[in-house]
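User: Hi! Could you walk me through this structure, one small question at a time?

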Amino acid sequence: MELPWFGRNKLRPSSPVTPASLSEAAAGAAPDAGPAAPAASARPSPAEALELLKAGNAAFLSGETRLGHVTAKDLEPLQGGQSPIATIVGCADSRTPPTILFNQGLGRLFIIRVAGNTVDRRGLASIVYAVKYLDCPLVVVLGHTGCGAVAAAEAVVDGRSELDPSLEEMIVPILPAVISARHKGGPNLARLAVEENARRVVARLLTADTALAEAVDKGTIQIIAAVKDMSTGRVDFLSGDASA
C-alpha cells in the first residue's frame, strides 16, 4: 500500500556522519548557528544516535542549549519529510519535554508521550511506523523520578489507595513494575519502580512486534530504557533487563 505523502521519508542526505558532526549537532559550536541538527548527514547508527542524545543532555545540563534559536524558518527544510534520530516513549509530565532535555530541534525526535510512559496498541503502531517507514535507529523509553503515574501504582500496591476506574488504563500496566521493585528491595523503592517500569516497557516492545525484534537482532535499531532525574534534569540510560 502506498504511504501518504506525509509518511514518506523523503529527506535522505548523502553526507556521512562523523564524530565531529555528531558533537557539533548535539551541543552546537556557536549560539547563533540554529537548531541542533546536522543539515546534511546520513542516518546515524543506533550507537551514534544514542551519543547524540547523551551529548544533547550534557548541553542542557551545562546551559549550552541552542533551542532558543529555533524559529518558524527551521520548518522549511522539513517540508519534504522527516528523519528523526530517535523515537522517545516518554511521560506526559509537563516537566519532561524530550526536545529540551536532549537539546534537539525540529524534526529530530519522534515522540510518543503518555502518563507513565507505557505503550498501548496505538503507541506500538507509532513506534513501528517510526522504525519501518522513517528509518529511525533508536527507541528510548524515558521514565522520570517523581512520576505521578508510578506513585499512584505504588499507592495501590501498598494498599494506601483504591484503584480509580477512570485511571485504570494508566495505572494497571505499571503495577507489575512496582511489585517487582518491592521484591527486589533497596533504599529508593520509588526510583527502582520507575526504572523497572521503563525496562518492562522495553521488554514488551521486543516481544510485541516482530518488526522491532528483527531490527534489534540485525543491529539496525536499539531499544533502551532511561530515567530522567527530576531535580537535576540528568538522563541516565539503563542497562539490563527487568525481572519477569
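User: Let's start with G105. Is it buried or exposed, and what is its relative accessible area?
Analyst: Keep in mind that we're looking at a predicted model. Buried means under 20% relative accessible area. G105 falls under that cut-off, so it counts as buried, with a value of 8%.

User: Where along the chain does G105 sit?
Analyst: Look for α3 (98-101) and then for β2. G105 belongs to the loop between α3 and β2.

User: And how far is G105 from V70, going by their C-alpha atoms?
Analyst: Along the chain, G105 and V70 are 35 residues apart. In space, the gap between their C-alpha atoms is 6.8 Å.

User: Now the sheet. In what order do the five strands come?
Analyst: The sheet is open, and its pairing is mixed. β2 (109-113) and β5 (235-237) each have a single partner strand, so these two stand at the edges. From one strand to the next, the twist averages 25 degrees. Reading across, the order is β2-β1-β3-β4-β5.

User: Which helix packs on β1, β2 and β3?
Analyst: Here you want β1 (86-90), β2 and β3 (138-144). The helix touching them covers residues 121-133, and its direction makes about 170 degrees with that of β2. That's α4.

User: Which helix lies across β3, β4 and β5?
Analyst: This one spans residues 189-208. It runs at about 165 degrees to β4. The helix is α8.

User: How many bridges join β3 and β4, and how many join β4 and β5?
Analyst: β3 and β4 pair in the parallel sense, over seven bridges. H144 stands opposite K228 of β4 there. On the other side, K228 has V235 of β5 as its bridge partner, and V227 faces D236 of β5. β4 (residues 222-228) and β5 pair in the antiparallel sense, and their bridges number three.

User: Which residue in the turn between β4 and β5 has a positive phi?
Analyst: β4 and β5 make a hairpin, with six residues between them. In that turn, one residue takes a phi of about 90 degrees: G233.

User: Why is β4 described as largely enclosed?
Analyst: Count up its residues: β4 has seven. The rest of the structure largely encloses this strand because the number of its residues that are buried is six.

User: How do α4 and α9 pack: what is their angle, and which word describes it?
Analyst: The axes of α4 and α9 (residues 210-218) are 10 Å apart, and the angle is about 45 degrees. Angles under 35 degrees count as roughly parallel and 65 to 115 as roughly perpendicular. The angle therefore makes α4, relative to α9, oblique.

User: What kinds of residues make the contact of α4 with α9?
Analyst: From α4 come L124, I127, V128, V131 and K132, while α9 brings A211, L212 and A215. Sorted by type, they give no polar, one charged and seven nonpolar.

User: Last one: which residues of α5 are buried, and what covers them?
Analyst: In α5 (residues 148-157), the buried ones are A149, V150, A153, E154 and A155. Just after α5, by the way, G159 has a positive phi of about 75 degrees. The cover over those buried residues includes α6 (168-171), α7 (175-184) and α8.

Notes: Residues numbered from 1 in each chain as written. Predicted model: local features only at pLDDT ≥ 70, side-chain atom pairs only at ≥ 80, totals over all residues. Heavy atoms only, no water. Pairing = 2+ DSSP bridges. Helix = DSSP H or I, 4+ residues; strand = E, 2+ residues; numbered from the N terminus. Axes fitted to C-alpha atoms, helices over the stretch in contact; angles between N-to-C directions. Contact = heavy atoms within 4.5 Å. Parallel < 35°, antiparallel > 145°, perpendicular 65-115°, else oblique. Nonpolar A, V, L, I, M, F, W, Y, C, P; charged D, E, K, R; others polar. Buried < 20%, exposed > 50% of the residue type's maximum accessible area, 1.4 Å probe, protein only.
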